[in-house]
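Here are a few exercises to work through with the model open beside you. Try each task before you read on to its solution.

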Amino acid sequence: MKIKFESEEHKNFFFRKLQESTIKDTYHQTLFYTLGIDRSCRENFDDVFNMKDHRIKPDGLHQGWQTSGSECATKLAFNLWNGFVEEEHEKGSTPYELFACGYAPYFFEAIKLRYPEYCKECSVKSNER
């Protein structure tokens, strides 16, 4: 699968984090990819993920550096990591909310990374009459 990146910085971040990680499964790939989309998430990665323990840090959603875009990227990354949805703020984690931003094309890429077995390209056959 050819991965589409938002920028060269996004691409470099993804491959650097993948190299730093001792685990390279689809969970980690997706998390690194999704958080890497947004500059603020890249710069504050340690606020939202513990590389040593391989755990998300939900409190990172409430850091002062979070913007509307970085918050969407963080929420999607967390949800694809382990199904995380912030309690009492479930509505903010729906596709309606998350995909209403400029990162939507890359969020689709994140889903393909996380679920490669379900996101195979399919050919559409037209019904001939």
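Partly exposed means a relative accessible area between the buried class, under 20%, and the exposed class, over 50%. Keep in mind that this is a predicted model.

**Exercise 1. Get the overall picture**

Work out how many helices and strands the chain has, and in which order they run.

Solution. Start by counting: there are seven helices and two strands. Next, walk from the N terminus, and the order reads α-α-α-α-β-β-α-α-α. For the dimensions, the C-alpha trace spans about 60 × 35 × 25 Å along its principal axes. Then try the globule check: a compact globule of 129 residues would have a radius of gyration near 14 Å, and the chain's 15 Å agrees with that. As for burial, 43% of the 129 residues count as buried. The accessible surface is about 8100 Å², with 48% of it belonging to carbon and sulfur atoms. Finally, take the contacts between residues at least 6 apart in sequence: 56% of them join residues at least 24 apart.

**Exercise 2. Sort the salt bridges**

Find how many salt bridges there are, then look at the surroundings of the partners in three of them.

Solution. The count comes to four salt bridges. Take these in turn:

- E43 and R39 pair up with 3.1 Å from N to O. They sit four residues apart in helix α3, so about one helical turn separates them. Both E43 and R39 are exposed.
- K75 bridges to E71, with the closest N and O atoms 3.0 Å apart. These two are also four residues apart, this time in helix α5, which puts about one helical turn between them. K75 is buried, at a relative accessible area of 8%, while E71 is partly exposed at 29%.
- E109 and K112 meet at 3.3 Å, N to O. They are three residues apart in helix α7 (residues 104-114), again separated by about one helical turn. E109 is buried at 3% relative accessibility, and K112 is partly exposed at 23%.

Why does spacing of three or four places suit such pairs? An α-helix has 3.6 residues a turn, so residues three or four places apart point the same way.

**Exercise 3. Follow a buried arginine**

Which side chain of opposite charge is nearest to R42, and how far away is it?

Solution. First, place the residue: R42 belongs to helix α3 (residues 39-43). Now look for a partner. The nearest side chain of opposite charge is E6, at 4.5 Å. A salt bridge needs a nitrogen and a carboxyl oxygen within 4 Å, and R42 has no salt bridge although it is buried. What its side chain does reach is the backbone oxygen of I37, at 3.3 Å. To finish, leave out residues up to four places away in sequence and list what R42 touches: S7, E9, H10, F13, L35, G36 and I37.

**Exercise 4. Compare two unusual phi angles**

Take H54 and E88, and decide for each whether the residue is buried or exposed.

Solution. Some background helps: most residues other than glycine have a negative phi. H54 isn't a glycine, yet its phi is positive, about 55°. The residue sits in the loop between β1 (49-50) and β2 (55-56). With 18% relative accessibility, H54 counts as buried. E88 isn't a glycine either, and its phi is positive too, about 70°. Its place is the loop between α5 (68-82) and α6 (95-98). At a relative accessible area of 69%, E88 is exposed.

**Exercise 5. Look inside**

How many residues of helix α2 are buried, and what does G69 touch?

Solution. Begin with α2 (residues 26-36): eight of its eleven residues are buried, so the helix is largely enclosed by the rest of the structure. The buried ones are H28, T30, L31, F32, Y33, T34, L35 and G36. Two of these, L35 and G36, turned up earlier among the residues that R42 touches.

Now move to G69, in helix α5. G69 is buried, with a relative accessible area of 13%. Leaving out residues up to four places away in sequence, G69 touches D38 and Y103. For a sense of the fold here, G69 and L98 lie 29 residues apart in sequence and 8.7 Å apart in space, C-alpha to C-alpha.

Definitions and conventions. Residues are numbered from 1 along each chain as its sequence is written. This is a predicted model: local features need pLDDT of at least 70, side-chain atom pairs count only at pLDDT 80 or more; totals for chains, interfaces and linings use all residues. Side-chain values use heavy atoms; hydrogens and water are left out. Buried means under 20% relative accessible area, exposed over 50%, partly exposed in between (1.4 Å probe, protein chains only). Lys and Arg count as positive and Asp and Glu as negative; His and the chain ends are not counted. A polar contact is a pair of N or O atoms within 3.5 Å; within protein, one must be able to donate a hydrogen and the other to accept it, and residues adjacent in sequence count only if both atoms are side-chain atoms. Contact means heavy atoms within 4.5 Å. The radius of gyration is taken over C-alpha atoms; the globule rule is 2.2 Å times the number of residues to the power 0.38. Accessible areas come from the Shrake-Rupley method with a 1.4 Å probe; for residues, only the protein chains shown count as cover.
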